[in-house]
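Here's a quick walk through a protein and its ligand. Have the sequence and the 3D view open as you read.

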Amino acid sequence: MSQSAADAAFSKGLEGIIAGETSVCSIEQGGLFYRGYEIHDLAQNATFDEVAFLLLEGHKPSASELARFKGEIRAERPIPASVTQFLKDAGPALKAGTAVPMDVLRTGVSMLGHLDADCQSVSADANMRKAKRLLAKIPTIIGQMQNVIDGRPIVAQETGGDPSLDHAANLMYLMSGQKPSPDYARVVDVSLILYAEHDFNASTFTARVIAGTLSDMHGAVCGAIAALKGPLHGGANEAAMEMLKEIMHDVGEAGIGTDKVDSWMQRAFDTKRKLMGFGHRVYKNGDHRAPILHKLGRAIAQNDTKNPGGHPALQWFKLGEQVQKIMLEKKNIHPNVDFPCGLTYYTMGIPVPQYTPIFVASRITGWCAHVLEQHANNRLIRPLSKYVGEPTRSWNG
Ligand code: SDX
């Protein structure tokens with residue numbers, strides 16, 4: 001049944017509107033579920049590679065299915081030489097800060113599209129092959145980009161990593177040339193589990209809108225990367241850490257736990273500043289993922305001998321906890337997953353501009369699962385708008 005704008009419901013930002021059906025994920029105030037599995041269960045008992053299989057293939061993998069899947073991903077890790085060359089060419093702009101890793105990653109994925117033999121097909125088989133290639137190659141792009149920024153030779157260029165390492169550990173290895181400790185690898189693995197999927201968030205919805213025109217998967221993923229980059233969405237993990245650095249700079253390490261932090265926050269409230277890593281369109285009583293990552297990140301910080309940003313790692317968590325407490329007391333707003341993510345990745349020494357690309361290395365699974373679902377049962381996504389412009393008038397007056 002068609003509907004005119006005059007009698008349709010309107011909600012700014014589509015808040016509260018059900019815009020489609022999905023069997024990939026459900027979000028409730030009481031829980032987050034990937035294909036029926038609750039997020040605490042997955043964070044505790046699954047690996048990211050298993051969750052990637054679950055999201056893409058639709059069920060929990062058997063041991064042999066997982067081994068097959070991991071083999072397929074490993075084989076697809078290398079990227080074409082022309083993409084490596086593009087990353088090298090982007091080096092000066094990345095170092096100067098005129099290009100940011102999310103933009104370079106988006107272009108890299110776009111190049112992968114026109115080099116992919118399946119690019120123009122939207123069949124289920126072609127889409128699955130492309131999803132696996134994207135999952136495999138995105139860490140290689142991120143790793144090579146970081147190598148270029150740091151001025152080290154490309155790590156494992158021929159293989160796209162170390163075949164003994166799973167997705168998360170391999171990503172860390174590709175970025176730094178160092179294999180992470182089992183503790184660090186597990187924390188990054190869990191962060192990727194938590195980031196993998198979140199129903200109709202802005203980037204996934206973007207991917208579905210693009211896929212809904214019967215456009216291709218790489219195009220949908222490029223659009224999704226652009227949407228995720230924004231600080232109101234995935235870019236918040238970088239913005240949250242930048243904000244904490246600003247607070248630390250202003251109050252000093254000695255100011256943590258004192259009313260200097262309260263005063264900083266009050267100034268932010270007075271100027272109606274958005275506090276990055278806080279709030280959520282759907283969760284009003286807290287993001288289920290945030291405490292899981294906070295606990296793991298804090299444990300890493302507690303045992304850490306490194307000195308991130310000139311301060312002991314635990315001090316950053318103490319500052320973050322004070323900020324959280326003030327936000328809850330004064331505004332009744334909880335942290336979202338990006339807040340502990342920023343703290344955790346910072347403690348681990350991961351460069352801040354790569355936090356959102358790492359989000360991509362995980363969310364690619366959710367995006368591709370949604371593109372597969374959209375193409376399998378497609379209808380063009382085309383809402384109405386509420387016209388608020390000039391009344392009808394004549395060109396000749
Ligand atoms: C992600 O959708 C998803 O599922 C996304 C995600 C995923 O996994 O895909 O979960 C990942 O994107 C997490 C969100 C990351 N973004 C940020 O951390 C940026 C900071 N947060 C916000 O700007 C905000 O909370 C949003 C964008 C997340 C949600 O915005 P809404 O739903 O449009 O809410 P709003 O901006 O209309 O805020 C409602 C009220 C306002 O106060 P009043 O005008 O009613 O008095 O709450 C206040 C806001 O000012 N508010 C904040 C705030 N968040 C909400 N005030 C200060 N700082 C904040 N962060």
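What follows covers the model, its domains, the ligand site and the cysteines.

## About the model

Keep in mind that this is a predicted model, where local features need pLDDT of at least 70, side-chain atom pairs count only at pLDDT 80 or more, and totals for chains, interfaces and linings use all residues. Residues are numbered from 1 along each chain as its sequence is written, and side-chain values use heavy atoms, with hydrogens and water left out.

## Two domains

The domain assignment splits the protein into domain 1 (25-230 + 357-376) and domain 2 (236-347); such bounds come from an automatic or database assignment. Taken over C-alpha atoms, the centres of domain 1 and domain 2 are 27 Å apart. Where they meet, 23 residues of domain 1 and 22 residues of domain 2 are in contact, meaning heavy atoms within 4.5 Å.

## The ligand site

So where does the ligand lie? Both domain 1 and domain 2 give residues to the shell around the ligand, so it lies between them. There are 22 residues around the ligand, and His 198, Phe 278, Arg 281, Arg 289 and Arg 363 come nearest; a residue counts as near if one of its heavy atoms lies within 4 Å of the molecule. By type, the shell has eight nonpolar, eight polar and six charged residues. In that count, Ala, Val, Leu, Ile, Met, Phe, Trp, Tyr, Cys and Pro are nonpolar, Asp, Glu, Lys and Arg are charged, and the others, Gly among them, are polar.

Now for some atom pairs. A polar side-chain atom of His 198 sits 2.6 Å from a ligand oxygen, and a side-chain N or O atom of Arg 363 is 2.7 Å from a ligand oxygen. Gly 277 uses its backbone instead, with an N or O atom 2.8 Å from an oxygen atom of the ligand. On its own the ligand has 1000 Å² of accessible area, and the protein covers 68% of that (Shrake-Rupley method, 1.4 Å probe).

## The cysteines

How many disulfides does the structure hold? Zero, with a disulfide taken as a pair of cysteine sulfur atoms within 2.5 Å. For Cys 25, the nearest cysteine sulfur is that of Cys 368, 15 Å away. Cys 25 is also buried, at 7% relative accessible area (buried is under 20%, exposed over 50%, partly exposed in between, with a 1.4 Å probe and protein chains only).

Cys 368 has its closest cysteine sulfur in Cys 222, but the 11 Å between the sulfurs is too far for a bond. Cys 368 is buried too, with a relative accessible area of 1%.

Methods: Polar contact = N/O pair within 3.5 Å; in protein donor to acceptor, adjacent residues only side chain to side chain.
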